[in-house]
Amino acid sequence: MKKLSLPAQIILAMIFGLLIGFLFKNLELKWVVADWIAPFGKIFINLLKMIAVPLIVVSIIVGLADLKDIAKVSALGKKTIGLYLLTTFSAVTIGLVLANVIQPGNFIKEESRVALLESFSKDANQKIELAVKTKESGPLQPLVDIVPDNFFAALTDNSKMLQVILFVILIGIGIISVKEDKVKPVVDFFKGLNEIIMKIIDIIMLAAPIGVFALMASLMVEIPDYSTLSALLVYAFTVVLGLAILVFGFYPLLIKVIGKTSPKRVFQNILPAQLLAFSTSSSAATLPVTMERVVEHVGVDEEVASFVLPLGATVNMDGTSLYQAVAAIFIAQAMGLSLDLSTQLMIILTATLASIGSAAVPSAGMVMLVIVLGQAGIPEAGLALIFAIDRPLDMCRTVVNVTSDATVATIIASTEGKLHDVNR
(Lines give C-alpha, C1' and ligand atoms only; values in the text may rest on other atoms or scores of the structure.)
Protein backbone atom coordinates (compact mmCIF):
# COMPACT_ATOMS: atom_id res chain seq x y z
CA MET A 1 0.00 0.00 0.00
CA LYS A 2 1.37 3.39 -1.01
CA LYS A 3 2.33 5.60 1.94
CA LEU A 4 0.38 8.85 2.25
CA SER A 5 2.30 12.03 1.48
CA LEU A 6 3.10 14.40 4.33
CA PRO A 7 0.48 17.00 3.23
CA ALA A 8 -2.18 14.26 3.11
CA GLN A 9 -1.19 13.00 6.56
CA ILE A 10 -1.41 16.53 8.00
CA ILE A 11 -4.81 17.20 6.40
CA LEU A 12 -6.22 13.93 7.76
CA ALA A 13 -4.77 14.73 11.19
CA MET A 14 -6.45 18.15 11.13
CA ILE A 15 -9.84 16.66 10.23
CA PHE A 16 -9.54 13.85 12.78
CA GLY A 17 -8.43 16.30 15.47
CA LEU A 18 -11.41 18.59 14.87
CA LEU A 19 -13.81 15.61 14.97
CA ILE A 20 -12.35 14.28 18.23
CA GLY A 21 -12.40 17.79 19.75
CA PHE A 22 -16.02 18.26 18.71
CA LEU A 23 -16.99 14.86 20.14
CA PHE A 24 -15.31 15.38 23.51
CA LYS A 25 -16.67 18.92 23.75
CA ASN A 26 -20.25 17.77 23.26
CA LEU A 27 -19.72 14.89 25.71
CA GLU A 28 -18.52 17.50 28.21
CA LEU A 29 -15.13 15.81 28.41
CA LYS A 30 -12.99 18.84 27.60
CA TRP A 31 -10.62 17.87 30.39
CA VAL A 32 -9.61 14.73 28.48
CA VAL A 33 -8.41 16.85 25.56
CA ALA A 34 -6.80 19.45 27.85
CA ASP A 35 -4.96 16.89 30.00
CA TRP A 36 -4.18 14.05 27.61
CA ILE A 37 -4.19 15.38 24.03
CA ALA A 38 -3.28 19.10 24.03
CA PRO A 39 0.18 18.53 25.63
CA PHE A 40 1.32 16.66 22.51
CA GLY A 41 0.50 19.75 20.43
CA LYS A 42 2.53 21.93 22.79
CA ILE A 43 5.44 19.47 22.63
CA PHE A 44 5.38 19.59 18.82
CA ILE A 45 5.37 23.41 18.76
CA ASN A 46 8.18 23.47 21.32
CA LEU A 47 10.24 21.12 19.15
CA LEU A 48 9.86 23.48 16.20
CA LYS A 49 10.65 26.55 18.28
CA MET A 50 13.62 24.74 19.80
CA ILE A 51 15.24 24.32 16.40
CA ALA A 52 14.16 27.72 14.95
CA VAL A 53 16.89 29.90 16.50
CA PRO A 54 19.77 27.45 15.81
CA LEU A 55 18.50 27.19 12.23
CA ILE A 56 18.51 30.97 11.82
CA VAL A 57 22.00 31.37 13.27
CA VAL A 58 23.58 28.62 11.19
CA SER A 59 21.72 29.19 7.91
CA ILE A 60 22.38 32.94 7.78
CA ILE A 61 26.08 32.48 8.49
CA VAL A 62 26.37 29.80 5.80
CA GLY A 63 24.33 31.81 3.32
CA LEU A 64 26.31 35.02 3.77
CA ALA A 65 29.63 33.16 3.71
CA ASP A 66 28.68 31.68 0.33
CA LEU A 67 27.96 35.16 -1.08
CA LYS A 68 31.63 36.09 -0.49
CA ASP A 69 30.95 39.75 -1.29
CA ILE A 70 29.55 42.52 0.91
CA ALA A 71 28.12 44.23 -2.19
CA LYS A 72 26.02 41.10 -2.87
CA VAL A 73 24.78 41.12 0.73
CA SER A 74 23.74 44.77 0.36
CA ALA A 75 21.97 44.14 -2.96
CA LEU A 76 20.18 41.08 -1.57
CA GLY A 77 19.08 43.03 1.50
CA LYS A 78 17.68 45.93 -0.52
CA LYS A 79 15.78 43.62 -2.86
CA THR A 80 14.38 41.60 0.06
CA ILE A 81 13.19 44.62 2.06
CA GLY A 82 11.77 46.22 -1.10
CA LEU A 83 9.68 43.15 -1.96
CA TYR A 84 8.51 42.70 1.62
CA LEU A 85 7.35 46.33 1.79
CA LEU A 86 5.57 45.90 -1.57
CA THR A 87 3.64 42.81 -0.46
CA THR A 88 2.75 44.30 2.94
CA PHE A 89 1.57 47.60 1.45
CA SER A 90 -0.52 45.70 -1.11
CA ALA A 91 -2.04 43.50 1.60
CA VAL A 92 -3.14 46.51 3.69
CA THR A 93 -4.60 48.20 0.62
CA ILE A 94 -6.57 45.09 -0.37
CA GLY A 95 -7.91 44.85 3.18
CA LEU A 96 -9.07 48.47 3.21
CA VAL A 97 -10.76 48.21 -0.19
CA LEU A 98 -12.67 45.06 0.80
CA ALA A 99 -13.71 46.52 4.17
CA ASN A 100 -15.06 49.66 2.49
CA VAL A 101 -16.91 47.69 -0.20
CA ILE A 102 -18.41 44.97 2.03
CA GLN A 103 -18.77 47.17 5.15
CA PRO A 104 -18.84 44.25 7.64
CA GLY A 105 -19.32 46.52 10.65
CA ASN A 106 -22.77 47.55 9.44
CA PHE A 107 -24.01 43.96 9.81
CA ILE A 108 -23.47 43.80 13.56
CA LYS A 109 -26.58 44.55 15.61
CA GLU A 110 -26.62 46.71 18.73
CA GLU A 111 -27.34 43.81 21.10
CA SER A 112 -24.51 41.78 19.60
CA ARG A 113 -22.11 44.71 19.89
CA VAL A 114 -22.96 45.21 23.56
CA ALA A 115 -22.68 41.48 24.31
CA LEU A 116 -19.26 41.19 22.66
CA LEU A 117 -17.92 44.30 24.40
CA GLU A 118 -19.02 42.91 27.76
CA SER A 119 -17.78 39.36 27.16
CA PHE A 120 -14.28 40.25 25.96
CA SER A 121 -13.56 43.56 27.68
CA LYS A 122 -11.04 41.91 30.04
CA ASP A 123 -9.08 40.34 27.16
CA ALA A 124 -9.17 43.61 25.24
CA ASN A 125 -7.87 45.57 28.23
CA GLN A 126 -4.90 43.23 28.54
CA LYS A 127 -3.90 43.84 24.92
CA ILE A 128 -4.44 47.58 25.34
CA GLU A 129 -2.11 47.64 28.36
CA LEU A 130 0.61 45.87 26.36
CA ALA A 131 0.17 48.32 23.48
CA VAL A 132 0.34 51.31 25.86
CA LYS A 133 3.68 50.08 27.16
CA THR A 134 4.89 49.80 23.56
CA LYS A 135 3.79 53.36 22.71
CA GLU A 136 5.24 54.83 25.92
CA SER A 137 8.68 53.52 24.99
CA GLY A 138 9.03 56.22 22.30
CA PRO A 139 8.94 56.31 18.49
CA LEU A 140 12.46 54.95 18.06
CA GLN A 141 12.10 52.12 20.57
CA PRO A 142 11.60 49.49 17.83
CA LEU A 143 14.99 50.56 16.43
CA VAL A 144 16.57 50.29 19.88
CA ASP A 145 15.01 46.85 20.36
CA ILE A 146 16.73 45.52 17.24
CA VAL A 147 20.16 45.86 18.88
CA PRO A 148 20.69 43.34 21.72
CA ASP A 149 22.67 44.25 24.81
CA ASN A 150 23.32 40.55 25.32
CA PHE A 151 23.34 38.22 22.34
CA PHE A 152 23.06 35.08 24.46
CA ALA A 153 19.99 36.48 26.24
CA ALA A 154 18.41 37.14 22.82
CA LEU A 155 19.15 33.54 21.84
CA THR A 156 16.95 32.32 24.70
CA ASP A 157 13.89 34.36 23.64
CA ASN A 158 12.10 33.57 20.36
CA SER A 159 10.37 36.98 20.43
CA LYS A 160 13.80 38.63 20.01
CA MET A 161 14.55 36.92 16.73
CA LEU A 162 15.38 40.20 14.97
CA GLN A 163 18.16 40.81 17.50
CA VAL A 164 19.61 37.40 16.72
CA ILE A 165 19.40 38.06 12.97
CA LEU A 166 21.24 41.39 13.32
CA PHE A 167 24.11 39.85 15.27
CA VAL A 168 24.38 36.85 12.97
CA ILE A 169 24.44 39.11 9.89
CA LEU A 170 27.37 40.96 11.47
CA ILE A 171 29.13 37.62 11.96
CA GLY A 172 28.48 36.75 8.33
CA ILE A 173 29.84 40.10 7.15
CA GLY A 174 32.86 39.57 9.37
CA ILE A 175 33.50 36.18 7.77
CA ILE A 176 33.26 37.71 4.29
CA SER A 177 35.71 40.47 5.28
CA VAL A 178 38.41 38.04 6.46
CA LYS A 179 40.67 36.06 4.13
CA GLU A 180 38.97 32.86 3.04
CA ASP A 181 41.72 30.51 4.19
CA LYS A 182 41.56 31.86 7.75
CA VAL A 183 37.79 31.43 8.16
CA LYS A 184 37.45 28.17 6.24
CA PRO A 185 37.37 26.00 9.40
CA VAL A 186 34.61 28.20 10.83
CA VAL A 187 32.56 28.05 7.63
CA ASP A 188 33.03 24.28 7.33
CA PHE A 189 31.86 23.86 10.94
CA PHE A 190 28.66 25.83 10.33
CA LYS A 191 28.01 24.03 7.03
CA GLY A 192 28.25 20.68 8.79
CA LEU A 193 26.03 21.93 11.60
CA ASN A 194 23.52 23.17 9.03
CA GLU A 195 23.25 19.67 7.54
CA ILE A 196 22.64 18.24 11.02
CA ILE A 197 19.91 20.79 11.78
CA MET A 198 18.13 20.07 8.48
CA LYS A 199 18.17 16.37 9.35
CA ILE A 200 16.73 17.16 12.81
CA ILE A 201 13.89 19.04 11.09
CA ASP A 202 13.15 15.93 9.00
CA ILE A 203 12.98 13.89 12.22
CA ILE A 204 10.67 16.40 13.93
CA MET A 205 8.35 16.40 10.92
CA LEU A 206 7.74 12.68 11.43
CA ALA A 207 5.67 13.75 14.43
CA ALA A 208 3.77 16.46 12.47
CA PRO A 209 0.50 14.48 12.08
CA ILE A 210 0.37 13.77 15.83
CA GLY A 211 1.16 17.38 16.71
CA VAL A 212 -1.40 18.77 14.27
CA PHE A 213 -4.06 16.35 15.53
CA ALA A 214 -3.50 17.52 19.11
CA LEU A 215 -3.54 21.20 18.14
CA MET A 216 -6.80 20.89 16.21
CA ALA A 217 -8.50 18.91 18.97
CA SER A 218 -7.54 21.50 21.60
CA LEU A 219 -8.66 24.33 19.28
CA MET A 220 -12.10 22.78 18.86
CA VAL A 221 -12.77 22.49 22.60
CA GLU A 222 -11.61 26.09 23.12
CA ILE A 223 -14.01 27.64 20.59
CA PRO A 224 -16.58 29.63 22.58
CA ASP A 225 -20.30 28.98 22.24
CA TYR A 226 -21.59 32.50 21.75
CA SER A 227 -24.72 33.20 19.78
CA THR A 228 -23.19 36.55 18.84
CA LEU A 229 -20.55 34.73 16.80
CA SER A 230 -22.98 34.75 13.87
CA ALA A 231 -22.75 38.55 13.80
CA LEU A 232 -19.01 38.26 13.09
CA LEU A 233 -19.29 35.98 10.07
CA VAL A 234 -19.31 38.87 7.57
CA TYR A 235 -16.18 40.30 9.20
CA ALA A 236 -14.51 36.88 9.06
CA PHE A 237 -15.59 36.47 5.43
CA THR A 238 -14.01 39.84 4.56
CA VAL A 239 -10.69 38.89 6.16
CA VAL A 240 -10.61 35.41 4.60
CA LEU A 241 -11.56 36.82 1.18
CA GLY A 242 -8.66 39.26 1.37
CA LEU A 243 -6.26 36.51 2.43
CA ALA A 244 -7.52 34.31 -0.43
CA ILE A 245 -6.91 37.11 -2.94
CA LEU A 246 -3.31 37.29 -1.74
CA VAL A 247 -2.69 33.54 -1.83
CA PHE A 248 -4.55 32.63 -5.01
CA GLY A 249 -4.17 35.86 -6.96
CA PHE A 250 -1.49 38.30 -5.88
CA TYR A 251 1.35 35.92 -4.97
CA PRO A 252 0.95 33.65 -8.03
CA LEU A 253 0.95 36.80 -10.20
CA LEU A 254 4.22 37.99 -8.60
CA ILE A 255 5.81 34.55 -9.03
CA LYS A 256 4.71 34.35 -12.66
CA VAL A 257 5.50 37.93 -13.74
CA ILE A 258 8.56 38.86 -11.66
CA GLY A 259 9.87 35.42 -10.73
CA LYS A 260 9.14 33.99 -14.18
CA THR A 261 8.45 30.55 -12.75
CA SER A 262 5.46 28.29 -12.16
CA PRO A 263 3.26 29.26 -9.17
CA LYS A 264 1.86 25.71 -9.17
CA ARG A 265 5.35 24.31 -8.63
CA VAL A 266 5.93 26.61 -5.67
CA PHE A 267 2.58 26.11 -3.98
CA GLN A 268 2.58 22.33 -4.33
CA ASN A 269 5.93 22.14 -2.58
CA ILE A 270 5.25 24.54 0.28
CA LEU A 271 1.89 22.98 1.19
CA PRO A 272 3.23 21.18 4.32
CA ALA A 273 4.59 24.51 5.60
CA GLN A 274 1.24 26.19 4.93
CA LEU A 275 -0.67 23.46 6.77
CA LEU A 276 1.74 23.68 9.68
CA ALA A 277 1.36 27.46 9.78
CA PHE A 278 -2.40 26.98 9.96
CA SER A 279 -2.06 24.51 12.83
CA THR A 280 0.47 26.43 14.94
CA SER A 281 -0.51 30.08 14.20
CA SER A 282 3.20 30.87 14.43
CA SER A 283 5.54 31.95 11.63
CA ALA A 284 8.52 31.33 13.92
CA ALA A 285 7.51 27.76 14.72
CA THR A 286 6.90 27.07 11.02
CA LEU A 287 10.22 28.59 9.89
CA PRO A 288 12.27 25.36 10.01
CA VAL A 289 9.73 23.59 7.80
CA THR A 290 9.40 26.59 5.47
CA MET A 291 13.18 26.61 5.05
CA GLU A 292 13.31 22.89 4.34
CA ARG A 293 10.49 22.99 1.78
CA VAL A 294 11.75 26.09 -0.03
CA VAL A 295 15.34 24.88 -0.30
CA GLU A 296 14.95 21.15 -0.87
CA HIS A 297 11.66 21.07 -2.78
CA VAL A 298 11.10 24.46 -4.46
CA GLY A 299 14.80 24.72 -5.37
CA VAL A 300 15.71 28.10 -3.88
CA ASP A 301 19.45 28.34 -3.31
CA GLU A 302 20.33 28.05 0.36
CA GLU A 303 22.28 31.31 0.42
CA VAL A 304 19.10 33.15 -0.64
CA ALA A 305 16.66 31.23 1.56
CA SER A 306 18.87 31.50 4.64
CA PHE A 307 18.77 35.29 4.45
CA VAL A 308 15.27 35.97 3.10
CA LEU A 309 13.17 33.51 5.13
CA PRO A 310 14.40 34.26 8.70
CA LEU A 311 14.05 37.98 7.99
CA GLY A 312 10.57 37.41 6.57
CA ALA A 313 9.44 35.40 9.60
CA THR A 314 10.31 38.46 11.69
CA VAL A 315 9.26 41.50 9.64
CA ASN A 316 7.01 40.29 6.82
CA MET A 317 3.43 39.87 8.08
CA ASP A 318 1.10 40.36 5.10
CA GLY A 319 -1.76 38.41 6.63
CA THR A 320 -1.45 40.34 9.87
CA SER A 321 -1.40 43.72 8.13
CA LEU A 322 -4.48 42.88 6.00
CA TYR A 323 -6.33 41.73 9.10
CA GLN A 324 -5.40 44.94 10.94
CA ALA A 325 -6.82 47.06 8.10
CA VAL A 326 -10.11 45.12 7.94
CA ALA A 327 -10.43 44.99 11.73
CA ALA A 328 -9.88 48.74 12.08
CA ILE A 329 -12.62 49.55 9.54
CA PHE A 330 -14.93 46.90 11.00
CA ILE A 331 -14.62 48.28 14.54
CA ALA A 332 -15.11 51.86 13.30
CA GLN A 333 -18.24 50.87 11.35
CA ALA A 334 -19.62 48.85 14.28
CA MET A 335 -19.23 51.89 16.52
CA GLY A 336 -20.81 54.26 14.01
CA LEU A 337 -17.60 56.10 13.14
CA SER A 338 -16.82 57.43 9.65
CA LEU A 339 -13.19 57.44 8.53
CA ASP A 340 -12.10 59.90 5.85
CA LEU A 341 -9.57 59.16 3.11
CA SER A 342 -6.60 60.71 4.93
CA THR A 343 -7.29 58.61 8.03
CA GLN A 344 -7.49 55.44 5.95
CA LEU A 345 -4.25 56.31 4.18
CA MET A 346 -2.63 56.64 7.60
CA ILE A 347 -4.03 53.21 8.48
CA ILE A 348 -2.13 51.83 5.46
CA LEU A 349 1.12 53.38 6.71
CA THR A 350 0.59 52.45 10.36
CA ALA A 351 -0.51 48.88 9.63
CA THR A 352 2.49 48.37 7.34
CA LEU A 353 4.90 49.54 10.05
CA ALA A 354 2.99 47.72 12.81
CA SER A 355 3.16 44.42 10.94
CA ILE A 356 6.95 44.74 10.89
CA GLY A 357 6.88 45.11 14.66
CA SER A 358 4.62 42.10 15.20
CA ALA A 359 6.38 39.16 16.78
CA ALA A 360 6.15 35.89 14.86
CA VAL A 361 4.00 34.29 17.55
CA PRO A 362 0.24 33.66 17.94
CA SER A 363 -2.00 36.77 18.32
CA ALA A 364 0.89 39.28 18.39
CA GLY A 365 -0.92 41.23 15.67
CA MET A 366 -3.74 41.92 18.14
CA VAL A 367 -1.39 44.05 20.27
CA MET A 368 -0.18 46.01 17.25
CA LEU A 369 -3.79 46.51 16.16
CA VAL A 370 -4.32 48.64 19.27
CA ILE A 371 -1.70 51.06 17.92
CA VAL A 372 -3.44 51.16 14.53
CA LEU A 373 -6.79 51.87 16.20
CA GLY A 374 -5.32 54.62 18.37
CA GLN A 375 -3.71 56.36 15.40
CA ALA A 376 -7.01 56.33 13.50
CA GLY A 377 -8.97 57.68 16.45
CA ILE A 378 -10.96 54.46 16.89
CA PRO A 379 -11.75 53.46 20.52
CA GLU A 380 -9.34 50.70 21.51
CA ALA A 381 -12.09 49.05 23.57
CA GLY A 382 -13.60 47.99 20.23
CA LEU A 383 -10.93 45.31 20.17
CA ALA A 384 -13.38 43.22 22.22
CA LEU A 385 -15.64 42.98 19.17
CA ILE A 386 -13.27 40.66 17.31
CA PHE A 387 -11.82 38.50 20.10
CA ALA A 388 -14.41 35.73 19.77
CA ILE A 389 -13.34 34.86 16.25
CA ASP A 390 -9.69 35.89 16.31
CA ARG A 391 -8.07 32.48 16.80
CA PRO A 392 -9.24 30.83 13.54
CA LEU A 393 -8.46 34.05 11.64
CA ASP A 394 -5.00 34.09 13.26
CA MET A 395 -4.44 30.62 11.83
CA CYS A 396 -5.47 31.78 8.35
CA ARG A 397 -3.32 34.91 8.34
CA THR A 398 -0.28 32.92 9.50
CA VAL A 399 -0.65 30.80 6.35
CA VAL A 400 -0.48 34.02 4.32
CA ASN A 401 2.57 35.25 6.24
CA VAL A 402 4.45 32.04 5.49
CA THR A 403 3.28 31.97 1.86
CA SER A 404 4.50 35.52 1.36
CA ASP A 405 7.94 34.63 2.73
CA ALA A 406 8.22 31.66 0.37
CA THR A 407 7.01 33.79 -2.54
CA VAL A 408 9.60 36.50 -1.98
CA ALA A 409 12.38 33.93 -1.53
CA THR A 410 11.40 32.25 -4.82
CA ILE A 411 11.25 35.55 -6.72
CA ILE A 412 14.63 36.71 -5.43
CA ALA A 413 16.23 33.35 -6.18
CA SER A 414 14.79 33.42 -9.70
CA THR A 415 15.94 36.97 -10.45
CA GLU A 416 19.39 36.16 -9.06
CA GLY A 417 19.71 32.97 -11.13
CA LYS A 418 19.65 30.84 -7.97
CA LEU A 419 16.43 28.89 -8.48
CA HIS A 420 17.24 25.26 -9.28
CA ASP A 421 15.21 22.39 -10.69
CA VAL A 422 14.62 19.85 -7.96
CA ASN A 423 13.43 16.42 -8.99
CA ARG A 424 11.92 14.56 -6.05
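**Exercise 1. Find which backbone oxygen the side chain of Arg293 reaches, and state whether Arg293 has a salt bridge.**

Step 1. The side chain of Arg293 comes to 2.7 Å from the backbone oxygen of Asn269. This is a predicted model, in which local features need pLDDT of at least 70, side-chain atom pairs count only at pLDDT 80 or more, and totals for chains, interfaces and linings use all residues. Residues are numbered from 1 along each chain as its sequence is written, and side-chain values use heavy atoms, with hydrogens and water left out.

Step 2. Arg293 belongs to helix α13 (residues 283-298).

Step 3. Arg293 is buried (under 20% relative accessible area, 1.4 Å probe, protein chains only). Arg293 has no salt bridge (a side-chain nitrogen of Lys or Arg within 4 Å of a carboxyl oxygen of Asp or Glu). Glu292, the nearest side chain of opposite charge, is 4.3 Å away.

**Exercise 2. Decide whether Ser59 is buried or exposed, and list its contacts beyond four places in sequence.**

Step 1. Ser59 sits in helix α2 (residues 30-67).

Step 2. Ser59 counts as buried because its relative accessibility is 1%.

Step 3. Its side chain reaches the backbone oxygen of Ile56 at 3.4 Å.

Step 4. With neighbours within four places in sequence left aside, Ser59 is in contact (heavy atoms within 4.5 Å) with Asn194, Met291, Ser306 and Pro310.

**Exercise 3. Give the C-alpha separation of Cys396 and Thr320.**

Step 1. Cys396 is part of helix α18 (residues 390-415).

Step 2. Cys396 and Thr320 are 76 residues apart along the chain, and their C-alpha atoms are separated by 9.6 Å.

Notes:
Helix = DSSP H or I, 4+ residues; strand = E, 2+ residues; numbered from the N terminus. Buried < 20%, exposed > 50% of the residue type's maximum accessible area, 1.4 Å probe, protein only. Polar contact = N/O pair within 3.5 Å; in protein donor to acceptor, adjacent residues only side chain to side chain. Lys, Arg positive; Asp, Glu negative; His and termini not counted.
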